[in-house]
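Student: I would like a close look at one part of this structure, the packing around a pair of helices. Please then place that part among the sheets and the contact between chains.

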Amino acid sequence: MRTDQTWSRVLHVDLESGRSHVLQFGSRAEHLGGSGLAAALYSRYGLLDAPALDPRQPLIFAVGPLTGLFPLMSKTVCGFRSPYTGEWAESHAGGRLALSLRFAGYDALMVTGAARGLSALIVGARTVDLHDVAYLRGADVFSTGKYLRRFGRESSGHRSCIRIGPAGEQGISYACINVDSFRHFGRLGAGAVMGAKNLKGIVVLGDGSYRLPEGKAYPKLMRELYKDITGTDKMRKYHDLGTPANLTALNGLNALPWNNLQKTTDERIDGISGETFADRFLLRQTACAGCPVGCIHIGLLRQQFASDHEFLYKQVSYDYESIFSQGTMLGLTDGSDVLALLDETEKLGLDCMSSGVALAWVAEAVEKGVITERETLVPIRFGEVQGFMEALRHIAMGSNEFYRTLGTGALKAADVYGGAEYACVLGQEMAGYATGEVFFVAQAYGFRHSHLDSGGYAWDQSSKEKDARKAVDFLVDDEYKRILINCMVSCMFARATYGPERIAECLASVGLTDLADGLETAGRAVQALRWKLKFDTGFDVDAVRIPKRYTEVVTWKGAIDTTYMDAVRTTYAAAIRELAASGQPMSGSEDA
Amino acid sequence: MKVLRAGRMERCIGCHSCSLACARLVHGRLSWNTAGIRIASAGGLSTGFEAHLCVACDPAPCAAACPSGSLVQRAGGGVTVDRDLCIRCGKCASACPVDAIYMDPEEQYPYLCLHCGRCVAFCPHGCIALEDVDARRPGSRGGDVDGEVPDAY
């Protein structure tokens, strides 16, 4: 196989007919890969008028032209219609999936249709098989992983195993797809899309190989980048304490959401700080395949399950976002409580951020008497882990009408039961940054409704002036740069290394000069196409809500300036409307 | 004479940088398999990692099994490889007692560790190192590999 072809090699598996095809899709010079490839595929194969969980909708896993070639080019873009928003969406994950897809010989795997019975898909360089796994109905994520690893044993260590838990089978709007036990396509409900296809898991065998281009340019650049990434202090923060280092920092800035964002700092931070997790719980770090950083922090949860010193232990991955959403937001201040909740969330196959923030709303709504135990079935109070533990299962299983509604999102539940003014939802349940006006707008209006599409939180911290135009120009340009990275597909932690010029240099070194030369044009086109698809699938920029709670937040800068926030909202809404209007079809789509 | 040893695999984070570097720089390929050192895990990522590589047999069963003279005993253990002489029979891979030789199914060509040590610099945790052959001989101070962890970590 070659690394420098002009089209993307896509494996399309239709579960309805049981047929599969290898497609030579579109033009890499236009869609690049990753985010752009997923969007171009959806433009061609997606059904704009059908709902997200219609099994005919494509579920796409795309890597990029640099995947496996350079350090930290180790992530996969999952493209799908979100059951949470109804719109075109992406979620990104690491693990081994990106290199497994690359070495299986594909730029993307696209799954359409629903299988007749619960199934597992096995793909590799010489394999496309569908297996009946009816025996896994209702199985949790970990036991599912153990069974699925019976497939492709000969590729042990060189394969990826992605799967859903009960939440995905139940169609919960924030069910995730677990990737290799410790990573996730977490937000916006990709797990439910997979469940709607009767697809419990996918095992990708990375058992093929590519011939590299001749010449010294590639090995020289690869060495240089490796040295830049590992030989300097650039990545230390991600490896050392990891992202949980932010807990103490944001708490000190009055920017860490606590108790459903009723406050932004708490003196009890030491119980769940990054330092405490590292000292008390850190078992080891591990890495995504193709990344020498090792940012995945695994905590050791030791639990006594009977008298006479009977213990069990669990390995639970933790990050800043998971400690915020299932720790500070729930008023929990003991790290072992947080790990226990995260372990349960993992088994059920729920997104930890969405489910944690949704439960934080439940706790405040109970506190205010808006809902009672008749709805929640179990006592829910800030600071008490047991209730949250049981409530997670009720969400995943849709135990009653209340939990079924909560499983579509906290704001939707609040619209039914009351308490919408304090539902911490900005497009979806919030990310852990109470940094101010620009971030709140960036998440509420942003493409993935997250902290990942642009650095609004950084702008809040660095900008001294309240200039909505400058803030929005930053958001749009930062999104463009991140899109280039997400088309390659690099980990966002390497964004300081992989600027547009460096990406072009990498592409040229492996013979992809067309992509290198037209990088900016293609990147801007992908940016516009993604917004066009989001609008075409129902995004209403005029209907975006920012609940009242966000106007009451007090950060290190003081109270939120609602006039400034409104100015940023109006300006950003206009900017993304303009982007969407400029979106054009790409090669491979029917009307291109 | 030096040989490559993976003596600190308990430090491994599973980044595969060693095998990717070997495939890219030694063999001119992009893959997990076409490399002299390959990282595997048994039972998922929660169980840690092991390295599959030549353990530098002397005499080497793979060289004894090679019918074309492509694999020749290397002084200090392991083999040297003359690719032009290989008839792609796969007998070396069958003879290897530790499954360290990967036969590429498309080319039917064996990939194995040449003990060149180019992978060592790519390991961020000092799991692998080039070691003097004498270190494991009777009377020596022992066979520990003392890989260095770069300062950045």
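Tutor: What follows starts at the helix pair and works outward.

This is a predicted model: local features need pLDDT of at least 70, side-chain atom pairs count only at pLDDT 80 or more, and totals for chains, interfaces and linings use all residues. Residues are numbered from 1 along each chain as its sequence is written, while chains are lettered from A and ligands numbered from 1 in the order in which they are written.

Start with helix 13 (residues 352–367) of chain A and helix 17 (residues 410–417) of chain A. Their axes come within 9 Å and cross at roughly 25 degrees. Axes here are lines fitted to C-alpha atoms, for helices over the stretch in contact, and angles run from 0 to 180 degrees between N-to-C directions. Helices (H or I, at least four residues) and strands (E, at least two) are DSSP runs, numbered from the N terminus. The crossing angle therefore makes helix 13 of chain A roughly parallel to helix 17 of chain A. Angles under 35 degrees count as roughly parallel, over 145 as roughly antiparallel, 65 to 115 as roughly perpendicular and the rest as oblique.

Which residues make the contact? Helix 13 of chain A supplies A:Val357, A:Ala358, A:Trp361 and A:Ala365, and helix 17 of chain A supplies A:Ala410, A:Ala414 and A:Tyr417. Two residues are in contact if their C-beta atoms, placed from the backbone, lie within 7 Å. By class, this contact has seven nonpolar, no polar and no charged residues. Ala, Val, Leu, Ile, Met, Phe, Trp, Tyr, Cys and Pro count as nonpolar, Asp, Glu, Lys and Arg as charged, and the others, Gly among them, as polar.

Now A:Trp361. Leaving out residues up to four places away in sequence, A:Trp361 touches A:Asn260, A:Ala410, A:Ala414, A:Gly419, A:Tyr422, A:Ala423 and A:Cys424. The largest nonpolar core has 245 residues, and A:Trp361 and A:Ala410 are among those with the most contacts inside it. Such a core is a set of buried Ala, Val, Leu, Ile, Met, Phe, Trp, Tyr and Cys residues joined through C-beta atoms within 7 Å. Buried means that 20 or more other C-beta atoms lie within 10 Å of a residue's own; exposed means 12 or fewer, and partly exposed is in between, with C-beta atoms placed from the backbone. Helix 13 of chain A gives the largest share of this core, 11 residues.

Next, the sheets. In chain A, three strands form an open antiparallel sheet in the order 14-15-16. Strands pair if DSSP finds at least two bridges between them. Strand 14 (282–286) and strand 16 (310–318) of chain A are at the edges with a single partner strand each, so one side of each has no neighbour in the sheet. Neighbouring strands of this sheet are turned by 30 degrees against each other on average, direction ignored. Strand 14 of chain A is joined to strand 15 (residues 296–306) of chain A by four bridges. A:Thr286 stands opposite A:Ile296 there. Helix 12 (residues 335–348) of chain A lies across strand 15 and strand 16 of chain A, at about 80 degrees to strand 16 of chain A.

Another open sheet of chain A has six strands in the order 2-1-6-3-4-5, with mixed pairing. Its edge strands are strand 2 (19–25) and strand 5 (88–93) of chain A, and each pairs on one side only. The twist averages 20 degrees from one strand to the next. Helix 3 of chain A packs on this sheet, touching strand 3 (59–62), strand 4, strand 5 and strand 6 (108–112) of chain A; its direction makes about 95 degrees with that of strand 4 of chain A.

Last, the contact between chains. It takes 39 residues from chain A and 29 residues from chain B. Elements giving two or more residues on the side of chain A include helix 3 (97–104), helix 7 (217–230) and strand 14 of chain A. Helix 7 of chain A gives the most, with four residues. That side of chain A has 14 nonpolar, 19 polar and six charged residues. Strand 13 of chain A is joined to strand 2 (residues 29–30) of chain B by two bridges, and these strands run antiparallel. A:Arg211 stands opposite B:Arg29.
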